[in-house]
Amino acid sequence: MFGFTRIKKPTNLPLLGRHYHLSWWIFPKKTAAITLGSVVLHRDRYPTTDLMAHEEVHVMSNHGRTKISPEKNMIQWYASYLWETIRKGYRDNKYEKEARRLEK
Ligand SMILES: [Zn+2]
């Protein structure tokens, strides 16, 4: 089964990115959402506002709008994200720490 649906913006959350629900068997099991530039793909059809806010921080980071990632292009951002994850793991990755700090 393949499904691709636009997710409505919560009224209390100004969004820079476009959020979609992607229902597809290939979606990684432990992953709730994937941010690709301005596009956020969600596993859940109705993600929580907290999760959408968290992914929005990654969107802003992708666009150089947060402190730790000024003017990086998307490829540099993902290379840096991956390197952080390899060195420190998912939770201690600086981009994840930043997203958790700013999502609320
Ligand atoms: Zn994250």
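Analyst: An axis here is a line fitted to C-alpha atoms, for a helix over the stretch in contact, and angles between N-to-C directions run from 0 to 180 degrees. The model we will read with it is predicted.

User: Across which strands does H1 lie, and at what angle does H1 run to S3?

Analyst: H1 lies across S2, S3 and S4, and its direction is at about 25° to that of S3.

User: Before going further, which elements does the chain have, from the N terminus on?

Analyst: The order is β-β-β-β-α-α-α. The radius of gyration is 13 Å, close to the 13 Å from the globule rule for 104 residues, so the chain is as compact as a globular protein of that length. Along the principal axes, the C-alpha atoms fill a box of roughly 35 × 30 × 20 Å. Buried residues account for 19% of the 104 residues.

User: In what order do the strands stand in the sheet?

Analyst: Sheet order need not be read from the numbering; follow the pairing. Here the 4 strands make an open sheet, S1-S2-S4-S3, with mixed pairing. S1 and S3 are the edge strands, each paired on one side only. On average, neighbouring strands are turned by 25° against each other, direction ignored.

User: Which pairs are parallel and which antiparallel, for S1 with S2 and for S2 with S4?

Analyst: S1 (residues 3-6) pairs with S2 in the antiparallel sense over 4 bridges, and Gly3 has Ser23 of S2 as its bridge partner. S2 and S4 run parallel and are joined by 4 bridges. There, His19 has Val40 of S4 as its bridge partner, and Arg18 stands opposite Val39 in S4.

User: How should side chains be read along a strand?

Analyst: In a regular strand, side chains alternate between the two faces of the sheet.

User: Now the helix. How many residues does H1 have, and how far does H1 reach?

Analyst: Compare the span with the rise expected at 1.5 Å a residue. H1 (residues 49-62) has 14 residues and reaches 20 Å from first C-alpha to last, close to the 20 Å expected. Just after H1, Gly64 has a positive phi of about 70°.

User: Which residues of H1 are buried, and what covers them?

Analyst: An α-helix has 3.6 residues a turn, so residues three or four places apart point the same way. In H1 the buried residues are Met52, His54, Glu55, Glu56, Val57, His58, Val59, Ser61 and Asn62. Their cover includes strands S2 (18-23), S3 (33-36) and S4 (39-42), as well as helices H2 (74-88) and H3 (94-102).

User: How do I read a loop residue? Where is Asp44, and why is Asp44 classed as buried, partly exposed or exposed?

Analyst: Count the C-beta atoms around the residue. Asp44 is in the loop between S4 and H1. It has 13 other C-beta atoms within 10 Å, so it is partly exposed. Leaving aside residues up to four places away in sequence, Asp44 touches His21 and Ala32. Asp44 and His21 are 23 residues apart in sequence, yet their C-alpha atoms are 6.3 Å apart.

User: And Thr31: where does Thr31 lie, and is Thr31 buried or exposed?

Analyst: Thr31 belongs to the loop between S2 and S3. Thr31 is exposed because it has 11 other C-beta atoms within 10 Å, and the cut-off for that class is 12 or fewer. Between the C-alpha atoms of Thr31 and Asn73, 42 residues apart along the chain, there are 23 Å.

User: What share of contacts joins residues at least 24 apart?

Analyst: The share is 36%, among contacts between residues at least 6 apart in sequence.

Notes: Residues numbered from 1 in each chain as written. Predicted model: local features only at pLDDT ≥ 70, side-chain atom pairs only at ≥ 80, totals over all residues. Helix = DSSP H or I, 4+ residues; strand = E, 2+ residues; numbered from the N terminus. Expected span 1.5 Å × (residues − 1). Buried ≥ 20, exposed ≤ 12 C-beta atoms within 10 Å, placed from the backbone. Contact = placed C-beta atoms within 7 Å. Pairing = 2+ DSSP bridges. Rg over C-alpha atoms; globule rule 2.2 N^0.38 Å.
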